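Hello,

Here is the structure we talked about handing over. Please open it alongside this note; my findings follow below.

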Amino acid sequence: KDGRVLAKGELNMQKLMDDDFVSASDIRTDRTSYQSGEMVRMTVMLEGKSQSGYRVEVSVRDGQSQVFFRDQKIVSKDENFNSLDFSFTLPNNVSAPVAFEFRIFDAETGLLFDSGEREVPIAPAKP
């Protein structure tokens, strides 16, 4: 109000307009359904880019909320992926529903960009 300068400097307008957000546009399985003990391959389809890179953390839990798989992948600012694959083996006698959960974070600040989950399709046990 008295006319004093509170801040002074320059901003790079191009840097401000660059993408700085990564999100999962889709999560795909390699098959329509799985049996206990089978290998599952989940593909997380990605959109966007982060100036400092990003980290994708995943976990898989069974119907009893027991986590049986965890993994993370770090993508540097110079890399550009449109998808990341995660593979895990279902436990024998797994209890449905099985949930694949993901979280995407900014690599530098730890800011959460996106999160969600997808159910892994479990086929009924064969007689």
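Which glutamate side chain meets arginine 31 in a salt bridge? The partner is glutamate 38, at 2.5 Å from N to O. Please keep in mind throughout that this is a predicted model.

**Salt bridges**

Seven salt bridges turn up in the structure. The pair just named sits between two partly exposed residues: arginine 31 has 35% relative accessibility, and glutamate 38 has a relative accessible area of 25%. Aspartate 26 and arginine 28 form another salt bridge, with 3.0 Å between the closest N and O atoms. Aspartate 26 counts as partly exposed because its relative accessibility is 33%, which falls between the 20% and 50% cut-offs. Arginine 28, at 44%, is partly exposed too.

Then look at arginine 55. Its salt bridge is to glutamate 57, and the closest N and O atoms are 2.9 Å apart. Shared partners extend this into one network of Arg55, Glu57 and Arg103.

**The sheet**

Four strands make an open sheet. Their order is 4-3-6-7, and the pairing is antiparallel. Strand 4 (67–75) and strand 7 (112–120) are the edge strands, each pairing on one side only. On average, neighbouring strands of this sheet are turned by 15° against each other, direction ignored.

Strand 3 deserves your time. It covers residues 54–61 and runs antiparallel to strand 6, residues 98–106, with eight bridges joining the two. Two positions help you find the register. Valine 60 stands opposite phenylalanine 100, and arginine 55 has phenylalanine 105 as its bridge partner in strand 6. So arginine 55 appears twice in this note: in that strand pairing and in the salt bridge to glutamate 57.On its other pairing, strand 3 is joined to strand 4 by eight bridges, again antiparallel. Here valine 56 stands opposite lysine 73. Strand 3 is mostly covered, with six of its eight residues buried.

**Backbone points to check**

Strands 3 and 4 form a hairpin with five residues between them. Serine 65 lies in that loop. Its phi is near 65°, a positive value in a residue other than glycine.

The loop between strand 5 (83–89) and strand 6 holds proline 97. The peptide bond from alanine 96 to proline 97 is cis, with omega near 0°. Asparagine 93 lies in the loop between strand 5 and strand 6 as well. Its phi is positive, near 55°. Is asparagine 93 buried or exposed? Asparagine 93 is exposed, with a relative accessible area of 73%.

These spots are worth a look because most residues other than glycine have a negative phi, and most peptide bonds are trans.

**The cavity**

How many cavities of 30 Å³ or more does the structure hold? The count is one. About 50 Å³ of space lies in it. The lining residues are Gly48, Lys49, Ser50, Gly53, Tyr54, Ser76, Lys77, Glu79, Asn80 and Phe81. By class, two are nonpolar, five are polar and three are charged.

Best wishes

Definitions and conventions:
Residues are numbered from 1 along each chain as its sequence is written. This is a predicted model: local features need pLDDT of at least 70, side-chain atom pairs count only at pLDDT 80 or more; totals for chains, interfaces and linings use all residues. Side-chain values use heavy atoms; hydrogens and water are left out. On a 1 Å grid over the protein atoms alone, a cavity is a set of points where a 1.4 Å probe fits but cannot get out, and a pocket is an open set with protein on both sides within 12 Å along at least five of seven lines; lining residues have an atom within 4 Å of a point. Grid points are joined across faces, edges and corners, and a volume is the space filled by probe spheres set on the points. Ala, Val, Leu, Ile, Met, Phe, Trp, Tyr, Cys and Pro count as nonpolar, Asp, Glu, Lys and Arg as charged, and the others, Gly among them, as polar. Two strands pair if DSSP finds at least two bridges between them. Axes are lines fitted to C-alpha atoms, for helices over the stretch in contact, and angles run from 0 to 180 degrees between N-to-C directions. Buried means under 20% relative accessible area, exposed over 50%, partly exposed in between (1.4 Å probe, protein chains only). A salt bridge is a side-chain nitrogen of Lys or Arg within 4 Å of a carboxyl oxygen of Asp or Glu.
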